[in-house]
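This report looks at how two protein chains meet and at the nonpolar cores found in the structure.

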Amino acid sequence: MPLLMPIFVILTSLSIIWDFQVFQQIWVMLDGRPTSDYYTMAIYAFHQSFQISEYGLGAAIAVVMVLFMFGATLVYLRQMLRAGEIR
Amino acid sequence: MTSGTQIAPTPIPPIAPRISGRRRLHKLGWNVLGVIVLVVMVFPVYWMVATAFKPGQKILSYTPQWIPTSPTLSNFRDAVHQPFFWDAVKNSVIVVTVVVALSVVLAFLAALALAKFRFYGRKAFIVLILGVQMVPLAALIIPLYILMSRLHQVDKLTGVIAMYLTFVLPFTVWTMRGFLLGIPKDLEEAAMVDGATRFGAFVRILLPLVGPGLVATSIFAFIQAWNEFIIAYVFLHTPQKQTLMVWLASFTTLRGTDWGPLMAGATLCALPVVVFFLLVQRRIAFGLTAGAVRG
């Protein structure tokens, strides 16, 4: 278990990052017209920018999303550094 | 050595595996869990293929039909005869071929620099390559769309190719680097001691060794570019220019979804990926460990 810990941390952070940006599944299943109940941040940003042409708002949502993910990314990168992956 | 002269080893009395009933139950429990996980993973794929072979009225029957009893190819015929199918195939093939070719060449050179040379800022570059993969595509797409529309690349395959490189390249560089790190520097040095030039050592020693890595990396790039949806969806408006994934999504319409041909089309789209994966699956298993997590 202690030996596997680094891998768990890496996989968990990756999974958080990946699942946070879910887009395609929701988008395709609801035929590009999801109601706000089904919004993830990715869909919200996409809707704002490409469906009602509020590119500024969409980009702002995207930036907030990236900031949210920054934490998980830091954990991931730190673990990769520790594991000696980045040499 | 023939079998006649072989000295028979003294038989070792088999040690009876003394597994208590409780332990056996425990093991059974884990095996059952494993099978359940497998079924959950495989079932959607099976259902797609099964639905693709079912005739129209049986797809939405209330009692689920687990195995298509009267398999038919009509869904496949419908899918292929849908408008723009061949356009989509052509576009997908063009985009994927160019993306794979460009990204593998560029990634190979970049990874070579990262794996074999020491230079200032190398580590920062590697961190950047890893970090940039964590930025969601849906966030990236807004600024990129605006940029590309200024460059008049919207609704053009060249624009989509350029976009794909933004997310395929970091990934391929990282995987390639993993493969290159697996090749000891001593081999190249030995060749150079024996009189090979740096270039000669590269061509005769490094290139053959890294061949499997190149193949695996290009398959990864292929799968990523082939499956990409959002970018193609945003950038390509005219039906003649859409890729296969966007074409697939066009089955879901306001008037409902035509499930049979959709599933047949999805099966057809998944086929090349599966075939490529099977071709290199052993190397991919290695590539994943080489590229991603080495404990």
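## The interface and the cores

Between them, chain B and chain A bury about 2,700 Å², of which 72% lies on carbon and sulfur atoms. The model is a predicted one, and the values given here should be read with that in mind. To this contact chain B contributes 30 residues, while chain A contributes 32 residues. Across the interface of chain B and chain A the rule finds zero salt bridges, and it likewise finds zero residue pairs in polar contact, where both residues would need pLDDT 80 or more.

On the side of chain B that touches chain A, the elements that give two or more residues are helix H5 (122–132), helix H6 (137–150), helix H7 (157–181), helix H10 (230–235) and strand S1 (252–253), each of them in chain B. Helix H6 of chain B gives the most to this side, with seven residues. Sorted by class, the side of chain B that touches chain A is made up as follows.

| Class | Side of chain B that touches chain A |
|---|---|
| Nonpolar | 22 residues |
| Polar | four residues |
| Charged | four residues |

Turning to the cores, the largest nonpolar core has 82 residues, and those with the most contacts inside it are B:Tyr164 and B:Phe235. Leaving aside its neighbours within four places in sequence, B:Phe235 is in contact with several residues, among them B:Ile141, B:Leu144, B:Tyr145, B:Met148, B:Val160 and B:Met163; its contacts also include B:Gln153, B:Val154 and B:Asp155. A second core, separate from the largest one, has 12 residues, including B:Ala111, B:Met176, B:Leu180 and B:Ala216.

Key
Residues are numbered from 1 along each chain as its sequence is written. Chains are lettered from A and ligands numbered from 1 in the order in which they are written. This is a predicted model: local features need pLDDT of at least 70, side-chain atom pairs count only at pLDDT 80 or more; totals for chains, interfaces and linings use all residues. Side-chain values use heavy atoms; hydrogens and water are left out. A nonpolar core is a set of buried Ala, Val, Leu, Ile, Met, Phe, Trp, Tyr and Cys residues joined through side-chain atoms within 4.5 Å. Buried means under 20% relative accessible area, exposed over 50%, partly exposed in between (1.4 Å probe, protein chains only). Contact means heavy atoms within 4.5 Å. Buried area is the accessible area (1.4 Å probe) that two parts lose on being put together, summed over both. A salt bridge is a side-chain nitrogen of Lys or Arg within 4 Å of a carboxyl oxygen of Asp or Glu. A polar contact is a pair of N or O atoms within 3.5 Å; within protein, one must be able to donate a hydrogen and the other to accept it, and residues adjacent in sequence count only if both atoms are side-chain atoms. Helices (H or I, at least four residues) and strands (E, at least two) are DSSP runs, numbered from the N terminus. Ala, Val, Leu, Ile, Met, Phe, Trp, Tyr, Cys and Pro count as nonpolar, Asp, Glu, Lys and Arg as charged, and the others, Gly among them, as polar.
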